[in-house]
Amino acid sequence: MRVQDLVLNQRTEILRVLCSSGSAEPVEHVTDILLSQGELTWEDYQSIHVSGRPLYTNARQLLDVVYLKGESSCGLFLEALKKVLPEEQPAGFSFPDHWSDPEVREECQNTFCQTLLTQRPSLVSTLQHCVDGALEALLTSAHFTSADCEGIRLPLRTPSQQARCLLDHVRAKGEAAAKFLLEYIQQGEESGSILNKKTQTVSREFLKFQKKLRSSLSAQSCFLSTYGGTSHMSLDDIYTDGQLELAEVCPDVHGPIGLKDITGEVGTINEEADTVLVSGEAGSGKSTLLQRLHLLWAREAALLEYLLLFPFSCRRLNTELSELSFKELLFQHCCWPDRDQDEIFDFIQDHPHLILFTFDGLDELKQSFSDEHRLCCPTQRAPVHVLLFNLIQGSLLKGVRKVVTSRPGAVTPVLKKNLRKEVLLKGFSPSGIDCFVRKHHSDPTVAAKVLQSLHTNTTLLGLCHSPVLCWIVSCCHKELLGCGEGSPQTITDVYLTIVEHFFQHHSPLRSTGKISWHREYLDPVLRLGQLAFKGIVSTCYIFSDKDLDTCAITKEDLSLGFLIQSKDLSVFRSKCYEFLHVTMQCFFAAVYVVVSKDLDRSTIPKLFELKNLKETSLRTACFSACLLYQQVDERSLDKDATAVETPNLQMTATFASGLLSQRHRSLWLHCCPATAIDRKTRQVSKCLSKGMQKHFKSIPQPVAGEKKSMHAMPGFVWLIKCIYEMQECSIAKDAMSKLEVDHLKLTYCNIGPVECTALAFVLQHLNNPVGLQLDNNTVGDVGVEQLLPCMHICHSLYLRNNNITDEGIHKLIAKSIQCDNFHKIALFNNRLTDACTQDFSLLLKTKQDFISLRLGNNNITAEGAKQLAEGLRVNKSLKFLGLWGNSIGDAGAEALASALEGNTTLVWLSLVGNGIGSAGACALSKVVKNNVSLEELWLTENCITRMGVECLIEALQHNANVKSIWLRNNDLRLEEVEEMAQRESRLLF
Ligand SMILES: Nc1ncnc2c1ncn2[C@@H]1O[C@H](COP(=O)(O)OP(=O)(O)OP(=O)(O)O)[C@@H](O)[C@H]1O
């Protein structure tokens, strides 16, 4: 192949090699080499490097230019490319052998500018270590003005870019300046003063710094903080893989991805962006996942491609009140280099693709992400959030890979625009729960017992998909499991138990029986509640000693274990505290809302409207850090607060609903007047009803001829969960009686088993049957089981891509058979095998009004098809049957064809991608010939040859009812396709 063709054909690959690091260095280095060889002219160079243009565009221009220049340019380009690939180090600068000869030097005098070009790559590599010295010399010798120097020193340029700019300037000044510079460099080389050697110093200091960073990260990440209150648990002993998925459908990736794919290339949707978002609900394990990545990097067990990893916590960044430069942020908040800060910082700027930053909990930052304030200069001071946003966008330190975590509710469209990819963390899978429980209990008999009792309480098992709840359930297994009647059902129940567990742990000798903590510990609970509430309303999750004093928190309160000391790599900060987990802070805040007499009456309505609660009287006494911050940036806080605080306000409101349920009413009566509790309960009920009504009113009227459909808006699932926490059927009934829709769509809404429990609790009160569409969630078998109570009110159920297995289907079908309204089911992309086809066969046999069965992209083989055929043979209602993407083969097709003989209802049949071959096609031709209802048959991608198509053509001649048979991508030659398409227009190739 000609080299020119190679450059064209491999364009994408070459672009990736040149640009994937995010650094402009490879493109600039290749251009240097081509310039030095005279392959590129100065005009070419300027057309390639247009400042402010995206890196990929510059690289594309470079490729266009060399391609148009022809074969030899392309050859040199590829050679240059080879040189700049990471394993090849750039050659050191060397003068031509004859350079030291004064006569020859004289001869060469008129080519000094030329030398700057021909030696450009090595000059850049040398000069980048001594730009300041060279500028100084050029200034003193009056070759340069101070304006020239300032232009070159612009801090947004990396040292190698400064070197290039210096060379360009010198060329523009002419021969004398060029000669001066070359002599300056030569003298420096000879005397050893030019900092080629400095590279070694940097690397020694660099290695020291790297070691310091690794060891502090390792120390910080080896224990899990949730265990701080009760026991220490090392991350190694307890870490269990969560379920990670790409947010965007990616053709090459099916199912879950691994830890390494977070920073890897898999699923990249925007090559220009460097930020990867890991989003997940409260307690889904985002911080723990980052902690794991940090630990693995610190031990050199993963992320080896990154030489430095800087971890940031947005929670901690909130407390940074001063404006900082990026350099200060980096070293003060992560790890302080004991020496040679500048060299280390230069290295970071010069090698962005070797650096990784992590930002935990973007949702906890006071400001929501915005791209309004641009900042490019790493030494310019700015508020911390401005630095952070510019890093995420890549205007600051382009090329550094960033991993950011956030709750999904706080991810805005502006942030999405800046993402390389989004990864969803969906908590534990069923086997993850199993694994976690076994790790948590070192005694295997205890672990087995816990798991066994979990499987008898599927509501609790559903909760365990959330790692934080799995941790609580495991800690409190004695209290939570095996209590038979009245066993915990809600998240509030589970948190009440863990709180009780902590109190019990605190005073093991005081009481042999159950502790009534709400009596014995009311005062500490109120103090902790006040601190938690104030924190939630002011987006404050870290508390100083002063904050603790404001709420009169005592040492004894601290010893209860709910507040733990913050981990911090910063060298400058004094001791700080945070709640064991932010959900625990929400819980204590909710207890405070229920019990406190100090809050005004508008607190609950405001909490449910998710309004910023700043105006409440409490706010005035709020924390030092938050108040100070407010003074700094009151306007932006006002504007942004609602968006960013919502997830934790929602969580607090959910707990408040649970705590005010009738079941827990008695807990509070000893410390609050019944009238106050009743008033608060009424307020919550009213807020929930109003919230639902508002939601229903927003449903658009259906277009004429279409059914009324509702796509759940953000907040709908939360309201439903609050109603569930209240365990109040009357509210559910009241809300649902007003919902008049035919179709309820909750796709991509993070619906897991917990949400299914709440949905079923509420939806069972609907007046009229609905289609329930839950595609692309994490319902799983446990979620399916939770949905059973509302099956009688579903006419159709869509569960595409939900990790459902035969086990879930078995329970679902057993229930659906008894549900008169149930007519349709879609289960594409799950984990079904032949084992579930017996259940579907039973469904088809029993329900003679069942209309649609879609089982595409599962693992059903000929055996499964035979089972289905049994059901089909007696069924008199099915219109749509979809088995696309299974592997039923010719035997399966024959079984189905035989069962469909004489069928008068089937309108649509899809067997796409099932390997049925010509034998299968011929068997189906009998159906095509005789079936009176069939309109569409899909046989795309089935290895069918001419023989099979001939059978179908023959059959079509007897049946005018059939509208189309799809036959794309089968084993047919082009001429055959053309000829057969002419003979029968209903064949679609
Ligand atoms: N992968 C895991 N292996 C073992 N335990 C885990 C894992 N993930 C989470 N946990 C448990 O759940 C707790 C909460 O997890 P984590 O704080 O990481 O969640 P999060 O998603 O960051 O929550 P939030 O959004 O509320 O900050 C952890 O402290 C730990 O006890």
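**Entry 1: a loop before β5**

I started with Leu-397, which is found in the loop between α21 (384–393) and β5. For my own reference, helices (H or I, at least four residues) and strands (E, at least two) are DSSP runs, numbered from the N terminus. This is a predicted model, in which local features need pLDDT of at least 70, side-chain atom pairs count only at pLDDT 80 or more, and totals for chains, interfaces and linings use all residues. Residues are numbered from 1 along each chain as its sequence is written.

Most residues other than glycine have a negative phi. Leu-397 has a positive phi of about 50°, although it is not a glycine. Is Leu-397 buried or exposed? Leu-397 is buried, because 24 other C-beta atoms lie within 10 Å. I use "buried" for 20 or more other C-beta atoms within 10 Å of a residue's own, "exposed" for 12 or fewer, and "partly exposed" for anything in between, with C-beta atoms placed from the backbone.

I then looked up Asn-857, another residue other than glycine, and found its phi near 55°, a positive value. Asn-857 is found in the loop between β14 and α44 (862–874). Asn-857 counts as buried because of its 21 C-beta neighbours inside 10 Å.

**Entry 2: β5 and its partners**

Next I followed the chain into strand β5 (residues 401–406), where six of six residues are buried. In a regular strand the side chains alternate between the two faces of the sheet. In β5, Arg-401, Val-403 and Thr-405 point one way, Lys-402, Val-404 and Ser-406 point the other way, and all are buried.

Which strands pair with β5 in the parallel sense? Strand β2 (residues 275–279) does so over five bridges, and strand β4 (residues 355–360) over four bridges. Pairing here needs at least two bridges found by DSSP between the two strands. I noted that Val-403 of β5 is the bridge partner of Val-276 and also of Thr-358.

**Entry 3: the eleven-stranded sheet**

I traced an open sheet of eleven strands in the order β9-β10-β11-β12-β13-β14-β15-β16-β17-β18-β19, with parallel pairing. β9 (709–711) and β19 stand at the edges, each with a single partner strand, so one side of each is left without a neighbour in the sheet.

For one pair within the sheet, I looked at strand β13 (residues 824–826) and strand β14 (residues 852–854), which run parallel and are joined by three bridges. There, Ile-825 has Leu-853 of β14 as its bridge partner.

**Entry 4: α47 and what follows**

Which residues of helix α47 (residues 946–956) are buried? I listed Gly-948, Val-949, Cys-951, Leu-952, Ala-955 and Leu-956. They cover an arc of only 155° around the axis, taken from the directions from the helix axis to the C-beta atoms, which puts them on the same side of α47. Their cover includes α46 (917–930), β18 (964–966), α48 (974–983) and β19 (987–988).

In helix α48 I picked out Glu-978. Glu-978 counts as exposed, because it has 11 C-beta neighbours inside 10 Å. Glu-978 and Phe-989 are eleven residues apart in sequence, and their C-alpha atoms are 8.9 Å apart.

**Entry 5: domains**

I wrote down the domains, whose bounds come from an automatic or database domain assignment. They are domain 1 (3–88 + 109–188), domain 2 (241–427), domain 3 (430–488), domain 4 (490–506 + 516–610 + 644–698 + 710–731) and domain 5 (832–988). The C-alpha centres of domain 1 and domain 2 lie 31 Å apart. Their contact takes ten residues from domain 1 and 14 from domain 2, where a contact means two C-beta atoms, placed from the backbone, within 7 Å. On the side of domain 1 that touches domain 2, I have five nonpolar, five polar and no charged residues. My classes take Ala, Val, Leu, Ile, Met, Phe, Trp, Tyr, Cys and Pro as nonpolar, Asp, Glu, Lys and Arg as charged, and the others, Gly among them, as polar.

**Entry 6: whole chain and confidence**

I logged 48 helices and 19 strands. Of the 989 residues, 49% count as buried.

The chain has a mean pLDDT of 85, with 88% of its residues at 70 or more; pLDDT is the predictor's confidence in each residue, from 0 to 100. Over residues 87–109, pLDDT stays under 50, and the model has 18 contacts beyond four places in sequence for them. Residues 614–645 are also below 50, with 57 contacts beyond near neighbours in sequence. Where pLDDT is low, the predicted coordinates should not be read in detail.
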